[in-house]
Amino acid sequence: MITELGHFALILAFGIALMQMVVPMVGAHKGWRGWMAFAEPAATSQFILVGFAFATLTWAFVTSDFSLKLVYENSHSAKPMIYKISGVWGNHEGSMLLWLLILTLFGACAAWFGGNLPAALRARVLGVQASIAVAFFAFILFTSNPFLRLAVPPFDGRDLNPLLQDPGLAFHPPFLYLGYVGLSMAFSFAVAALIEGRVDAAWGRWVRPWTLAAWVFLTIGIALGSWWAYYELGWGGFWFWDPVENASFMPWLIATALLHSAIVVEKRESLKSWTVLLAILAFGFSLLGAFIVRSGVLTSVHAFANDPERGLYILIILAVFVGGALTLYALRAGAMEAKGAFGMVSRESGIVLNNILLAVSALVVFVGTIWPLAAEMLFERTLSVGPPFFDSAFTPFMVAIAVVMPFGALLAWKRGSIGRAGRQMVLVGVLAVALGGLAFAVQTGRSALGPVGVALAVWVILGAAVDLWSRTGRGGLAGRVGRLARLPRADWGKSVAHAGMGVTIFGVAAMTAWQQEDIRVAQVGDRFAVGAYEVEFRGVENGQGPNYTTLMAEMAVYRDGAVEAVLFPEKRNYPVAQMPTTEAAIDNGFTRDLYLVIGDPQTGGGYAVRTYIKPFANWIWGGAILMALGGFISLSDRRLRVAAGAARVPAAQVPAE
Amino acid sequence: MRWLALALTLWAAPLLAVQPGEMLDDPVLEARAREISTGLRCPVCRNESIDESNATLSADLRVMVRERLVAGDTDAEVVAAIVDRYGEFVLLRPDATGANLILWLAAPAMLIAALGIGLVTLRRRPTAASDTGLSEDEAKRVAEILRS
C-alpha cells in the first residue's frame, strides 16, 4: 500500500515537472511575473514528492517486501541492514530513482537559494532543469519502473550481487550521482543564459559554486570507486580504464576545466562562450556516461543493469539535450562579448592552457572508449582498447598539466610575468629534480616512472605552497605567517586541491613503479620472504557470516623479526547469489600497504597465496581527499556564500528511516 | 538474468589470475610473460587481460605464452601467434595501422589545433599592455607608501 503511494507521488511529480518545464519559460518570455513565480513552489514540491517515492522504496527494501519485483530481485531477508538500504540503488531502477531524487534536489536548491538571481534567469534555469527531470521521469515510469508488483510474492529474495555488499560501494553511487547530476545545474544555467543571450559576472558567480560542488562529489565518488576496486577485486589495481570508469572520468575532466574557466567569467568577464560550451559538454558527458553504463554497448565489468532498449532511450535524451543545447549555442554564442582584456602571459592564458590540456585529455579518454564501437561499425574491425593504450596516450597530458599548473597558478590576472613566476619556482624546480634524481639513484629496476613521478609531485606540491606563500605579500616572517591564516578560503582551497593533485601523482607513480608481488603455493606453517618483509601462514579456519560462508586464513607479517601485522584474508561464498568473492586483507600504512590474498586450496595441499607490498598506495586516495577538501574549503569562502545550499546536499539525500 | 549471473561469475569470480603452478622458474622469462599477458585481452571476459582473468581459456593462454617463451620465441612472435588465432580483438593496445591512426592521432592533432586556435584568438582580442614594470616615479611612490 505504501509503495503505491510512492508510485502515485512519482507520477504526480512527473505532472508537476511537465508544468514547470513550460509555464516559467512562457512567463520569462512574456515577462509575466506570476507565471515565472510558478517555478519555485513547483521545484520544491517535485523534490518532496520524489523524496517521498524514494522513501517508500527504501521502506520496501528495509521491510523486505518481496511482493515488489525489484526487492525480490535485489534483496534478501538475511542481508545486513546497511546493504538493504544501499540495495535501493544497487540496481538499475532504484539507481535511476536516486538519480532523479538528486536532480530534483538540485532544482529545489536553485529555487531555495536563487533569491538573488534575476527573476527571468531563475525561471528559465528552473524550466530547463525541469525539462531534464521530465525526460528522466518518463524514462523511469515507462521503461524502468521500480514500483512493479509480483502477483505471487516469493518467500525470499535473490540477494544483492555480493560484490556490491560493501561499504565502499554503498556510498559510491550516491556521491557519483551528486556529481553527475550536479553538472545539470551548470547545463541549465548555460542554456538559460543562451536563451537570454547574456552571460555576466553574476552568472559566473552562480555557476562556479554549483560546478565546484558537483566536482567535489564527483571526485569523492570516483575515489570511492577506485578504492573499492583496490581492496575488493583482489589484485590491488586502482584504475582499469574500463568504459564505465572512463564514463565517470570524462565529466570529471571537463568539470575541472569548467571550474577554472568559470573563475575567469566571474572575475574577469572573459572566456564566456567557451565556459558555456564547457558547461554543455560536462553534462553531455554525464549523460553519455549514463548511456554507456545502462546500454551495455561497451562491455564493461560494471554491467549489472543494462538493456539495449533503455540504452536507446538514454541515447535519445542525450541527443535531444546536447544536440539542442549545441544548436542553441551555435545560434547565440556570438552574442556573448568579452569585457576583460588580458595579455598573452596572464592567469587567464594559463587557464586557457589548462582548459586545452584537460579538454584534449578528455578527448583521449573519449576516443579510446568509443573506438571499439566506431571501428566495428565503420571499419568492420573488432578490436579492444585497453589500459596499455590509455597509459601511453593519456599520461603525457597529465604530465604536461602537472608541469604548467604551478606556473599558471602564480601568474597574475590580466598581465603576468614569466620571469617573476619563474624566479619564485626556481628553488622548487631544483628541489624537484634533486629528489627525482635521488629516487632514481636508490631504486632498483631503473624505470623512469618512479623518479619522474617524484619530481612532478614535489614540483606540484611545493608549487602550491609557494603560491600560497606568495599571497602573503612582503615584509617580516611573522607578519606573513599571520597573513597566511587570514587569506581568503578560496586561496587555501586552490592550494590544497592543487597539492592534492601532486599527492595523487606521487601515489600513482610510486605504486606502479615500486610494487612488489609474490605468488606462491603456501602450506600452513610456511614462512617466506617478500621484499623486506616475511610472511608466516599460520592457519585457516572456516566460518559463517550473516549471508555467506567463509574460509579465513591467518597470516603474520614480520619485519626485522618483529610482527608488523596479523592479517586475515578471506574467501567468501554467497550461497543465494551462488557467487564467491575474495576479501583481501590489507594493512594500511603511510608508506606502504601490505596486501594479502588467499586463493583456492591446491591439489597437492596448501593454498595459493598472493602477497603484495604496495608503496604509498594510500596517497592515491589521500590526494583525491585533499582535492575534494580543497573544493569544500573554497566553497566555504565567504564570497561564495550562495553555495551554502550545495554544501549541505549530502545530509539531505539520505532518506528518513 | 541468468546470463547476467553468468557474466558476473566470469569476471568477478575471485580471481586468482596467474596461478602459482603456471609460473616459470626463470624470473626473467616470467617477467616477460607477465608483461606480455597484461597486454592481451581475455577473449571470453568482460574487459580483462589474461593476466587478471580467472577464465579457463585465459589460463590456457597464459600457459601458451610461457611455453612459447621457453621455446625461444621473441615477445613479438608470441603476441603474433595469439593474434593469429584470436584476431586483433585480443590486443589491449591496438596497432597504429590503417583506421587506428585516427585513434592514436586524434588527441595530438586536437592539441595542436586547439593551441593554434587559442593562440590566434588570444592575439586577436584586445590585450592588456604587457608588463613593463614600474616607471621611476611609480617606484618612488610605492616605496613611500611601503615606508609609511
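User: In chain A, how far apart do the C-alpha centres of domain 1 and domain 2 lie?
Analyst: This is a predicted model, in which local features need pLDDT of at least 70, side-chain atom pairs count only at pLDDT 80 or more, and totals for chains, interfaces and linings use all residues. Residues are numbered from 1 along each chain as its sequence is written, while chains are lettered from A and ligands numbered from 1 in the order in which they are written. Chain A is divided into domain 1 (2-341 + 626-653) and domain 2 (516-617), with bounds from an automatic or database domain assignment. The separation of their C-alpha centres is 40 Å.

User: How many residues of domain 2 of chain A are in contact with domain 1 of chain A?
Analyst: Contact requires C-beta atoms, placed from the backbone, within 7 Å. Domain 1 of chain A contributes 12 residues, and the number from domain 2 of chain A is 15.

User: Which helix gives the largest share of the largest nonpolar core?
Analyst: Such a core is a set of buried Ala, Val, Leu, Ile, Met, Phe, Trp, Tyr and Cys residues joined through C-beta atoms within 7 Å; buried means 20 or more other C-beta atoms within 10 Å of a residue's own. The core has 249 residues, with A:Leu100 and A:Ala279 among those with the most contacts inside it. The largest share, 19 residues, comes from chain A, helix H9 (residues 201-232).

User: What percentage of chain B counts as buried?
Analyst: Chain B has six helices and zero strands, helices being DSSP runs of H or I of at least four residues and strands E runs of at least two. Of its 148 residues, the buried share is 28%.

Conventions:
Buried ≥ 20, exposed ≤ 12 C-beta atoms within 10 Å, placed from the backbone. Contact = placed C-beta atoms within 7 Å.
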